[in-house]
Structures are given as structure tokens and as C-alpha cells.
Amino acid sequence: MSPQYATKREMEKAIDELRAALGEEAISTDDEDLHRHGYSEWSSINIDQLPVAVAYPKSTEEVSQLAKVCHKFKIPMIPYSGGSSLEANFSAPFGGMSIDFTFMDQVLALHADDMDVVVQPSVPWMSLNDQIKDSGLFFPVDPGPSWNKCCSLWKSSAGYNLTNLFVGSEGTLGIVTEITLKLAVIPQETSVAVVTFPTIRDAAAAASKVLRAGVPVAAMEIMDDVQMGVINKAGSTHRKWKEVPTMFFKFSGTKAGVRENIQLVRDISKTHKSGDFEFAKSAEEGKQLWSARKESLWSMMAIRREGDEVWSTDVAVPISRLPDIIEISKKEMDDLGLFASILGHIGDGNFHESIMYNSKDPKERAAVEKCVHDMVERALEMEGTCTGEHGIGLGKKASLQKELGFDTINVMRSIKGALDPHWLMNPGKIMDAKA
């Protein structure tokens, strides 16, 4: 039986009730607000339906009040934080209430001796590290500037791992209002190296060899020739880069350890036909060298022509298969004749395709869809996964079904039904209510 949601009249009554309880400004029905919370220019898929209202809670207690009223009237709830949806993760296919955590951006408690910190949903990781830097600790994760990712959590064998269950649920099981993040000691030394290669396969093969050799690198990123050209064209990094496949390495540890690891990576890179090898001699140089990776997607969005959209999607495969899938995927993207690039965090086998296309041209969209579909299929054939970071949302439900099979999806559906029997939490994402 399909879930039954609030009528228009019931939604209006709920909005009145919430405004009376939380204040007029806590619930918005402004058209621009609704559009911003139901459509994403980053996403590979968008739908016509928008949320009916946007809520702006300021505390866990207010989120609880929101949830009670939404449950009473059977109103879908869609959590919204960073707004970086790439697979329609925060879209509202059944209307409902978008819950925006903008005002829940506080560091609630720092436990320096325990090396952890308690934060609300909208604390950006860069801001967090700036706020806690005097403790000698930091949150060791380095995504793009707008991304908010969860960290490694404290070790436990006490029952089912419900924490990780919620982390991967995209808001379909509940709403997280606080999280405890595990911190690390700020390393004595950090540095960055940038290495060029003649082909994308050479770069990917070098990355695989670095991992296989056990060289401890804090991060390892790849960008192809097209992406390096995008960075130059956008001009956001204030330097000129060679437009060839490029690897970015980040090192951390003791001064001696960092120097040794840079040399190991240099030696391995040479065996894979590397060209320029540049490493930072200061923190400022390191920031400059890493800037190209930081600005990659922003740069692509900046050079779009009117009517263009960027389809960005990801997969992950076993490390040994990285050179194969990246080389084949790169060729297929080049064959499209469109502006398309590869970049990614290949230290964990994860990489992204970003393709710019004319959204008004059905033939272009169909060609891009096929290219993306083939990459995902190839990743699954290589015993990889259909997404390493972006999630499932609306865009990859069919791929998830192929990856996991009906039986596993039905187990997930049962868990969803047990925790959210009315399918109010971000409905339509990851799986449908009925097979």
C-alpha cells in the first residue's frame, strides 16, 4: 500500500500550527525559498515538484516539535544542510516540509582530553577546524569547501551499528541534530606535491602503485587534462597549470616522515612516466598547490554557457581496477564531443565524471545518460559500487538495486518501515515504498 500524505488543507493547518509554536519567521513559503530547497544546479536530476514550506529550526527541541506536527498531519520531512545534492538527495517528490539547519551551526562541546567534539548539522568542517585549532586537534577530512562529511566514529561492539546505519541513510530514517566527531592531533608537518603525467592511465597506475607500496599519504587526488584546462580558464587559482593529467598528493606527519614519503612518491611516479614534480616548501605554497583541486567543480560551474548543466557523478572500484576504468571512461567521455572531465579521490578508488551539456538538447542528454550509465555498469562489473560519495537519492535507485539485489533492498525497506512506518522521512530516496 502506498503512503498517504497530507492534503493541501492539512498542510496549511500544519504551517499555521508550527508558526504559532516556533514563530512566523521559522516557516517560509516564499517562492524563491521553495525553489532553492527543491532544485539544485549541481544535481544530475531535478523534478518539477517543490516542497510546500521550509522550516528553520534553531534547536533539537524545535526539530522535535516539527517532527511531531509533521507526523500528526502525515507531512514528508526532507532534511537540508549543505545544499550540495548531486543525485536529487534533497528534492521533494511528494511535496512536504524541507527542514533547513542553517541556524543550527554551533560547536556544542569540545572534549580535548577525549579528542572529540560535539557539533550541530550545519557546522562547516573548515570553520570547525578554525574554532578548535588552539586545542592542538583537528577534524581530519578534506572534501570540497561546501561538503559536510561524517567522520570515523568511536570504536564499539555494543549491538547493531545504528550510527553507521543512519550515516548512510540520506535522511530516510531520521533527523540528526547533533553528532560527536572524532578528532586527531594536528600533525607536526604537512606538505603538498603536484605531479604531471602523459596519460590518465599513467596517473591512475601511479596512484595504485603508491597505495600498494604502503606509502602513507593523507590525500591523493587526480584531475585530467580537461579539468586542468577548466581551472586555467576560470582563473580562480591565480596561476597557470599544465593542461595534462595531474596528481595531487597531501602528506602529514613528522618532518622527516613527510620528506621520506615525498621522495617515495617521486620515485614511484618516475616509473610511470611522470613529468613535473612540484612540492610545497611552506604552508602557503601548499595551500596554493592544493587550490586547483579545491576549485575544480566551482571552476566548471563558472565557465558554463547559458542553458548548460553539469552532470557530476561518481563510482568507486577496487584499487587494482582504477587504471582500467578511468582509461575507458575517459575515452568514452572524450568521444561525446562535449566538455567532460575526470577527477577524484582515488586514494579510496573513488572518482568522478563531470560532463557539461545543453540541457535543452534531448540528444545530448541521452548521450550523457548513456555515458554515465556505462561507467556505473562497468564499476559494478569490476566489483565496485555505483557511488562512493554522492549517495543514491533519486538518481541512482536502479543502480543500487542492481548492485545489492532485491533481497537486500527488501531488508532495507523493512528497516525503513520499522523506523518510519508512514514513510515521512525524505520519501522516494534510495528505494520506493513498494517494490
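Trainee: Which residues are linked in a network of salt bridges?
Mentor: This is a predicted model, where local features need pLDDT of at least 70, side-chain atom pairs count only at pLDDT 80 or more, and totals for chains, interfaces and linings use all residues. Residues are numbered from 1 along each chain as its sequence is written, while side-chain values use heavy atoms and leave out hydrogens and water. A salt bridge here is a side-chain nitrogen of Lys or Arg within 4 Å of a carboxyl oxygen of Asp or Glu. The network links R201, R321, D324 and E327.

Trainee: How many salt bridges does the structure hold?
Mentor: The network of R201, R321, D324 and E327 is one place to look. For the structure, the number of salt bridges is 23.

Trainee: In the salt bridge of D225 with K330, how far apart are the closest N and O atoms?
Mentor: D225 and K330 form a salt bridge with closest N and O atoms 2.8 Å apart. The pair links distant parts of the chain, 105 residues apart: D225 is in helix α7 (residues 225-234) and K330 in helix α11 (residues 322-335). Helices are DSSP runs of H or I with at least four residues, strands are runs of E with at least two, and both are numbered from the N terminus. The value asked for is 2.8 Å.

Trainee: Is K330 buried or exposed?
Mentor: Relative accessible area decides: under 20% is buried, over 50% is exposed, and in between is partly exposed (1.4 Å probe, protein chains only). Its partner D225 has 28%, so D225 is partly exposed. K330 has 8%, so K330 is buried.

Trainee: What separates E12 and R9 in helix α1?
Mentor: E12 and R9 form a salt bridge, with closest N and O atoms 3.6 Å apart. E12 is partly exposed at 35% relative accessibility, and R9 is exposed at 52%. The two are three residues apart in α1, so what separates them is about one helical turn.

Trainee: Which residue meets R365 in a salt bridge?
Mentor: R365 lies in helix α12. Its partner sits four residues away in α12 (residues 362-381), so about one helical turn separates the pair. R365 is partly exposed at 23%, and the partner is partly exposed at 37%. The side chains meet at 3.2 Å, N to O, and the partner is E369.

Trainee: Which residues does R365 touch, not counting those up to four places away in sequence?
Mentor: Contact means heavy atoms within 4.5 Å. A6, 359 residues apart along the chain, has its C-alpha atom 35 Å from that of R365. The residues that R365 touches are S44, W311 and Y357.

Trainee: At what angle do the axes of α1 and α3 cross?
Mentor: Two packed helices are described by the angle between their axes and the distance between the axes. Axes are lines fitted to C-alpha atoms, for helices over the stretch in contact, and angles run from 0 to 180 degrees between N-to-C directions. The axes of α1 (residues 8-22) and α3 (residues 60-73) come within 10 Å, and the angle is roughly 155 degrees.

Trainee: Are α1 and α3 roughly parallel or roughly antiparallel to each other?
Mentor: Angles under 35 degrees count as roughly parallel, over 145 as roughly antiparallel, 65 to 115 as roughly perpendicular, and the rest as oblique. With axes crossing at roughly 155 degrees, α1 and α3 are therefore roughly antiparallel.

Trainee: How do the residues of the contact of α1 with α3 divide?
Mentor: E10, K13, A14, E17, L18, A21 and L22 in α1 meet E62, Q65, L66, V69, K72 and F73 in α3. They divide into seven nonpolar, one polar and five charged. Ala, Val, Leu, Ile, Met, Phe, Trp, Tyr, Cys and Pro count as nonpolar, Asp, Glu, Lys and Arg as charged, and the others, Gly among them, as polar. The division, again: seven nonpolar, one polar, five charged.

Trainee: What is the hand of the crossing where α11 passes α12?
Mentor: α11 and α12 pack at about 170 degrees with axes 10 Å apart. That makes them roughly antiparallel. A crossing is left-handed if the near helix is turned anticlockwise from the far one by less than a right angle, and right-handed if clockwise. For α11 passing α12, the crossing is right-handed.

Trainee: How far apart in space are A53 and G96, C-alpha to C-alpha?
Mentor: A53 is in strand β2 (residues 53-55) and is buried, at 0% relative accessible area. Beyond four places in sequence, its contacts include M11, I15, L34 and G96. A53 and G96 are 43 residues apart in sequence, and in space the distance is 6.8 Å.
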